[in-house]
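Me: I should like to work through this structure by question and answer. Please reason briefly each time and finish on the value or name requested.

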Amino acid sequence: MSGPEVHHLFHHPIADHSFSSDRQTLAVARDSNVELYHRSGPKFALKDELKGHDKTVTGVDIAPNSGMIVTCSQDRNAYVWEPSPTGWKPTLVLLRINRAATFVRWSPSEKKFAVGSGARVIAVCYFEEENDWWVSKHLKKPIRSTITTVAWHPNSVLLAAGSTDSHARVFSGFIKGIDDRPEPSVWGERLPFNTVCGEYLNDSAGWVHAVSFSPSGDALAFAAHDSSITVVYPAGPDQPPRAMVNISVQTLPFTSLIWSGEAEIIAAGYDCEPFRFRGGEAGWELAGSVETKHRPGLAAAREESALHMFRQMDLKGKVKDDTQLNTTHQNTVNTVRVYEQAGGAVKKFSTSGVDGRVVVWSL
Amino acid sequence: MANINWRTIDVDAYDPESATNFPLTTLVPANLPAPSTSAESAQIGQQVRQLLRAGDSVGALQSALETAPLAGDEGAKQVHLATVLEVLQGIRQSEVHRILAEMLNQPGGAALGDTLMKYIYKGMASGAGGSGSKGMSPQVTGTGTGFSQIHGRHFGEGGGGQVMSVLLSWHEKLTEAVGVGGIVRVMSDRRTV
């Protein structure tokens, strides 16, 4: 196993990042722009900027097959960017929200995307051929506060959302004429738009930072601000879940999580490093950090001569340089994403954070 | 008309769609214990004190934390806070490590640790704790302060120094055992003690 691949892009927080499917292009949200980086050898070089938003960009997502980029921002707008001979061409999306857009993700089918917002709605957006623009339908009903995160089910119909009202919910985002009728699943059989397939609240009830469906789509995990992750195994429509496992940990809360298999979850957040959870319906447990501490390079750099030590004491009044965290990320991790997977198992994942780094980790 | 300070108008009150116009009870889990009153808390306090006097410190602490009036009224919470503080003060410093290890390592112990952390913070927030802050009317105006875990501080009350040092030492040892996660849960949990 090789060490993580670190790309320190700039000294600014990265709100969200996304790799293209060939992993040659990296889109990062920086302030009110989205920057596109291209891989050149071992590094990423700035190639393009998507300018259009006039407030902080909160979400960016590249569709793996079509290559279209969707962005959303606190200016209450979302744009779909398409490549054209003269550069990237933005199309405004009619979100009809009166608060900031907080999060955006393409559905696996790439025909729709969902935008979470502070207006207590989720806008499910799709392309209307006859008018040649992106329109939205609102998921509204039981949402009582800002939507912080959304995640799609593999069938592109079900949508999980986390909110600051402490609930993780599963909705149907079925759009007639766009979606095929989904196969019946543990979440339900008939799924008209805005069906609430599940509404979950854990005991200590922190606001939800991240939600994710398992690779099969039959389980849901969410991370909340009570330093816990909760995994829900639904039993069927209109029934209480078969199992709801809550793991509260000793670290600071997690802000993002992914499933790396049916029995493994990777989560990262305010502790600046990714952690691994393992388990199943019977129970989950924290299996430790993904980061290998005490890297050889780190130890070598710490070895200091007596002369160096006294010089440091003279210059800085201290011997040890304690301005660095001993984690790869030097600040909160905002986003964890799958980078490479083979046969349903995640081989590599990427993280980005407030320290302006994008890191690719091998499992 | 010109005299109205429009900045202080609560605009949410006029908006039926407003986020503040929904019952906060939907934000606490359904498995809360039944609401209780100060009389019930006083009765539990008696039982806990008996355990403490009999020398069963672990049992006293555990039963005090298990019976926390999470859904009780403000009176019940104040009475129970006094009970818990009494237990914490009644346990010798040298025994704290052993008692915490014993309590946290049993099934369901993590939840008790979180509850204990809530009481430590509540004790510190109320200054002298227990009897000292009883006279102050805690202002609970329904939805307004529903999120607040700490109901104001009373500085300069004096006499709380000793309680405070006990609480700080419990806090140090509990943080060693449950990590910063336990502190974060005090802030995010809506089941207040």
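Me: In which strand of chain A does Ala224(A) lie?
Reply: The model is a predicted one. The strand in question covers residues 220-224 of chain A, and Ala224(A) lies in it. The element is strand S19.

Me: Is Ala224(A) buried or exposed, and why?
Reply: A residue is classed as buried if 20 or more other C-beta atoms lie within 10 Å of its own. Ala224(A) has 29 C-beta neighbours inside 10 Å, and therefore counts as buried.

Me: Which residues does Ala224(A) touch, not counting residues up to four places away in sequence?
Reply: With those sequence neighbours set aside, Ser166(A) and Asn202(A) are among the residues touched by Ala224(A). The others are Gly206(A), Trp207(A), Val208(A) and His209(A).

Me: How many Å apart in space are Ala224(A) and Phe254(A), C-alpha to C-alpha?
Reply: In sequence, Ala224(A) and Phe254(A) are 30 residues apart. In space, their C-alpha to C-alpha separation is 6.9 Å.

Me: What is the strand order of the open sheet of four strands in chain A?
Reply: The pairing in this sheet is antiparallel. Its edge strands, each pairing on one side only, are S1 (5-8) and S26 (333-342) of chain A. Neighbouring strands are turned against each other by 15° on average, direction ignored. The order is S1-S28-S27-S26.

Me: Which residue in S28(A) is the bridge partner of Glu5(A)?
Reply: S1(A) pairs with strand S28 (residues 357-362) of chain A in the antiparallel sense, over four bridges. For Glu5(A), the bridge partner in S28(A) is Val360(A).

Me: What percentage of residues 50-82 of chain A is strand?
Reply: An unreviewed UniProt entry annotates residues 50-82 of chain A as "repeat: WD". The end C-alpha atoms of this span lie 11 Å apart. Its helix content is 0%, and its strand content is 55%.

Me: How many helices are there in chain B?
Reply: Chain B has zero strands. Along the sequence, its pattern reads α-α-α-α-α-α. The number of helices is six.

Me: Among contacts in chain B between residues at least 6 apart in sequence, what percentage join residues at least 24 apart?
Reply: Chain B has 193 residues, of which 33% are buried. Of its contacts between residues at least 6 apart in sequence, the share joining residues at least 24 apart is 80%.

Me: How many polar residues are on the side of chain A that touches chain B?
Reply: The contact takes 19 residues from chain A and 16 residues from chain B. On the chain A side, five residues are nonpolar and five are charged, while the polar ones number nine.

How values were computed: Residues are numbered from 1 along each chain as its sequence is written. Chains are lettered from A and ligands numbered from 1 in the order in which they are written. This is a predicted model: local features need pLDDT of at least 70, side-chain atom pairs count only at pLDDT 80 or more; totals for chains, interfaces and linings use all residues. Helices (H or I, at least four residues) and strands (E, at least two) are DSSP runs, numbered from the N terminus. A residue is buried if 20 or more other C-beta atoms lie within 10 Å of its own, exposed if 12 or fewer, and partly exposed in between; C-beta atoms are placed from the backbone. Two residues are in contact if their C-beta atoms, placed from the backbone, lie within 7 Å. UniProt positions are given in the numbering used here, feature names are shortened, and annotations may be inferred rather than shown by experiment. Ala, Val, Leu, Ile, Met, Phe, Trp, Tyr, Cys and Pro count as nonpolar, Asp, Glu, Lys and Arg as charged, and the others, Gly among them, as polar. Two strands pair if DSSP finds at least two bridges between them. Axes are lines fitted to C-alpha atoms, for helices over the stretch in contact, and angles run from 0 to 180 degrees between N-to-C directions.
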